[in-house]
Amino acid sequence: MSAPSRPQDRRILLAEDDPVTARLVVHRLSREPGVTVLHAADGETALAIARQETLSAAILDIRLPVFDGLYILGALRQDERYTRLPVMMLTSLGSEADVIRGFEMGADDYIVKPFSPAELVARLQRLLARR
Amino acid sequence: MTPADPLAAQAVPIGDRGFLILAAFIGLVTLCAVGFVLASLMLRGRNNRIARQWAALEARWDPVMLEVLAGAADPAVLHAIVRSGEHTWFVEYLLRYGRRIRGPERALLSTLAMPYLYAVSGDLGHPSVERRARAAQSVGDLGGGAYRAELLAALEDRAPLVVMIAAVALSRVYRPDDVRRVIGSVARLGLLTNRLLASMLQRLGPESAWAFREVLADRGRPAKLRTVAAKVLAAFNDQEAGANAVSALTDAVDVDLRVAILDILQRIGSAEHLPIVRRLAGDPEPAVRGAAIRILSRAGEEEDLDLLVGALDDPVAWVAIHAAEGLRRSGRPELLARLAAAQQRRSSVIVSAMVLGDAGA
């Protein structure tokens with residue numbers, strides 16, 4: 001991954017179609033120093049952002065219009081810039097099969113909705129620090 | 001036709017009468033169409049107005065709300081920008097967030113809602129079912145237990161929707177004293193499926209199993225409620241339910257109840273429960289017979305092999321399938337092979353079981 005390593009320069013892709021959830025995550029992450037959140041409400045836009053930008057991490061909702069989160073994850077992992085990109089999946093309660101599939105496809109972590117925004121930030125920071 | 005002929009003056013030729021009927025019909029259809037279009041326009045206009053109102057409220061509340069949830073602003077700052085007349089909207093706004101977050105931020109939503117919930121709780125007595133249901137949901141989701149008495153009263157509501165919402169809300173703020181009333185209220189939700197009711201009551205958690213055992217043992221309770229209780233106990237894998245299950249099986253008549261009890265035994269049963277299961281393997285009801293054979297196919301003993309072989313000829317295919325699976329599990333493939341070759345009525349079932357067994361299914 002050629003992602004920037006300085007904590008002050010992190011671009012996080014958020015693929016989430018629910019506007020309330022997106023607002024919560026964007027607001028909370030944007031409070032972190034040096035973090036820019038690039039929000040996409042559908043899979044196609046998310047992939048376009050991933051192509052145009054250099055991402056530091058991605059948070060992908062599984063259920064998305066056009067392309068779902070697992071498809072985006074697969075596409076990211078095929079891009080040599082993103083083979084080691086920290087990816088967190090957002091999933092609804094009860095969709096364990098999706099979680100397992102996500103891990104098989106190379107997701108690093110997952111968070112179940114409803115979720116705590118503070119916990120999401122903490123887990124993402126841990127993932128970023130690990131890479 | 002002359003004006004001097006009064007009968008002729010009143011008569012309308014058949015062709016004209018047909019035209020009048022057609023014209024009246026077309027007029028009626030046109031009127032209905034116009035009415036439908038007007039109603040649609042009015043509904044759309046109303047929805048647009050509501051959407052605009054929401055957009056305006058969110059634009060005003062969101063920036064502060066997000067700061068409050070992030071711990072960067074005091075709840076009082078948000079309260080200060082909620083105008084009178086917007087209290088119900090604000091509670092609804094908080095519910096939208098409440099469905100999406102948990103943890104410390106979720107508790108903060110209750111704090112934010114508290115000053116407005118009293119007014120909303122007044123709707124629990126509203127004539128509209130929708131308003132009562134919404135009020136129950138609001139105080140249940142955001143009241144954090146403060147409206148327990150109101151929710152207990154809502155369990156007696158005449159509308160099943162309100163009862164259901166109150167029961168679910170009370171299961172979140174579980175108190176041992178409430179369990180009996182919550183379970184009792186469910187008995188009135190007769191239109192809902194047993195599976196749905198059981199899934200709703202499972203929220204009360206395994207610590208409430210004692211109350212479900214009590215219901216299962218009570219022969220005076222409706223069969224539906226006892227069935228739901230049995231399903232919940234099965235879902236809890238309640239180890240203490242065995243004695244209640246066997247006792248209830250001895251005189252239960254209702255098919256669903258008996259199948260639900262057998263499901264408990266399948267999960268937590270032991271060898272001591274097998275005699276009653278064997279007896280039910282010959283029950284005239286296919287669902288009961290099938291459930292019993294399924295248990296014997298998984299937990300039966302050597303003496304049950306003959307019973308399973310006999311069940312291969314059961315007129316109901318899936319009873320025979322359970323029996324064939326049991327024989328496969330018994331580690332006697334040669335017995336299955338012999339039966340499959342014997343041109344029995346259920347040869348195909350036996351072969352299927354063998355094939356599935358070979359495939360590791």
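Colleague: What percentage of the 361 residues of chain B count as buried?

Modeller: The model is a predicted one. In it, chain B has 20 helices and zero strands. Of its 361 residues, the share that count as buried is 35%.

Colleague: Among contacts in chain B between residues at least 6 apart in sequence, what percentage join residues at least 24 apart?

Modeller: Two residues count as in contact if their C-beta atoms lie within 7 Å. Taking the contacts of chain B between residues at least 6 apart in sequence, those that join residues at least 24 apart make up 61%.

Colleague: Which residues have the most contacts inside the largest nonpolar core?

Modeller: The largest nonpolar core has 122 residues. One of those with the most contacts inside this core also touches Leu262(B), Val277(B), Leu280(B), Ala281(B) and Asp283(B), leaving out residues up to four places away in sequence; this residue is Ala292(B). The full list of those with the most contacts inside the core is Ala136(B), Ala166(B), Leu233(B), Ile261(B) and Ala292(B).

Colleague: Why do the buried residues of α10(B) line one face of the helix?

Modeller: Helix α10 of chain B covers residues 194-201, and its buried residues are Leu197(B), Ala198(B) and Leu201(B). In general, an α-helix has 3.6 residues a turn, so residues three or four places apart point the same way. Viewed down the axis of α10(B), the buried residues line one face because they fall within an arc of 100°.

Colleague: Which helices of chain B are included in what covers the buried residues of α10(B)?

Modeller: The residues to be covered are Leu197(B), Ala198(B) and Leu201(B). Their cover includes two helices of chain B, α9 (176-186) and α12 (223-236).

Colleague: Is Gln266(B) buried, exposed or partly exposed?

Modeller: Gln266(B) lies in helix α14 (residues 255-268) of chain B. Beyond its neighbours within four places in sequence, Gln266(B) is in contact with Arg294(B) and Ile295(B). A residue is buried at 20 or more other C-beta atoms within 10 Å and exposed at 12 or fewer. Because Gln266(B) has 17 within that distance, its class is partly exposed.

Colleague: Which helix gives the most to the side of chain B that touches chain A?

Modeller: Between the chains, 13 residues of chain B are in contact with 14 residues of chain A. On the chain B side, α2 (14-69), α4 (87-98) and α5 (104-121) each supply at least two residues. By class, that side has six nonpolar, one polar and six charged residues. The helix that gives the most, with three residues, is α2(B).

Definitions and conventions. Residues numbered from 1 in each chain as written. Chains lettered and ligands numbered in written order. Predicted model: local features only at pLDDT ≥ 70, side-chain atom pairs only at ≥ 80, totals over all residues. Helix = DSSP H or I, 4+ residues; strand = E, 2+ residues; numbered from the N terminus. Arc of directions from axis to C-beta. Nonpolar A, V, L, I, M, F, W, Y, C, P; charged D, E, K, R; others polar. Core = buried A, V, L, I, M, F, W, Y, C linked by C-beta atoms within 7 Å.
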